[in-house]
Amino acid sequence: KARRDQINAEIRALRDLLPLPEGDRPRLSYLHVMALACIYTRKGACLRPGPARGAPMELLGGPELADLMASL
């Protein structure tokens, strides 16, 4: 039970880190929180910001992509 409580606390903390409106966060199930965390992690690992603010994100390429694949 202690381990389950610890996992639940970590998932709640992760939910609070998601860039979502405050009203939407309490309605998320633990499965939704984990899925959204995976999506945001993948997005951050595979995309980089464009040169200008508000510009579309670019896919990683060349050495950056090779480094990512090697670390995975």
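Accessible areas come from the Shrake-Rupley method with a 1.4 Å probe. For the protein chain of this predicted model, the accessible surface comes to about 5800 Å², and carbon and sulfur atoms account for 63% of that surface. This briefing covers the chain as a whole, then Arg 25, and then the salt bridges.

**The chain as a whole**

- Three helices and two strands are found in the protein chain.
- Along the sequence, these elements follow the pattern α-α-β-β-α.
- The protein chain has 72 residues, and 15% of them are buried.
- Among contacts between residues at least 6 apart in sequence, 0% join residues at least 24 apart.

**Arg 25 and its surroundings**

- Arg 25 lies in the loop between helix H1, which covers residues 2-17, and helix H2, which covers residues 30-46.
- The relative accessible area of Arg 25 is 12%, so this residue counts as buried, the cut-off being under 20%.
- The side chain of Arg 25 reaches the backbone oxygen of Leu 18 at 2.9 Å.
- Leu 18 also appears among the residues that Arg 25 touches when residues up to four places away in sequence are not counted; the others are Arg 15, Asp 16 and Leu 20.
- The side chain of Arg 25 also makes a polar contact of 2.7 Å with the side chain of Glu 22.
- Arg 12 and Arg 25 are 13 residues apart along the chain, and their C-alpha atoms are separated by 9.5 Å.

**Salt bridges**

- The count of salt bridges comes to three.
- One of them joins Glu 22 and Arg 25, with a distance of 2.7 Å from N to O.
- The two partners of this bridge fall into opposite classes: Glu 22 is exposed because its relative accessible area is 58%, where exposed means over 50%, whereas Arg 25 is buried at 12%.
- Another salt bridge is formed by Arg 27 with Asp 24, and the closest N and O atoms of this pair are 2.5 Å apart.
- Arg 27 has a relative accessibility of 64% and therefore counts as exposed.
- Asp 24 has a relative accessible area of 32%, so Asp 24 is partly exposed, a class that lies between the 20% and 50% cut-offs.
- Lys 1 forms a salt bridge with Asp 5, in which the closest N and O atoms are 3.3 Å apart.
- Lys 1 counts as exposed because its relative accessibility is 68%.
- Asp 5, with a relative accessibility of 39%, counts as partly exposed.

**Points to locate in the structure**

- The loop between helix H1 and helix H2 is the place to look for Arg 25.
- From Arg 25, the side chain can be followed to the backbone oxygen of Leu 18 and to the side chain of Glu 22.
- The pairs Lys 1 and Asp 5 and Arg 27 and Asp 24 can then be found as further salt bridges.

Technical notes:
Residues numbered from 1 in each chain as written. Predicted model: local features only at pLDDT ≥ 70, side-chain atom pairs only at ≥ 80, totals over all residues. Heavy atoms only, no water. Helix = DSSP H or I, 4+ residues; strand = E, 2+ residues; numbered from the N terminus. Buried < 20%, exposed > 50% of the residue type's maximum accessible area, 1.4 Å probe, protein only. Polar contact = N/O pair within 3.5 Å; in protein donor to acceptor, adjacent residues only side chain to side chain. Contact = heavy atoms within 4.5 Å. Salt bridge = Lys/Arg side-chain N within 4 Å of Asp/Glu carboxyl O.
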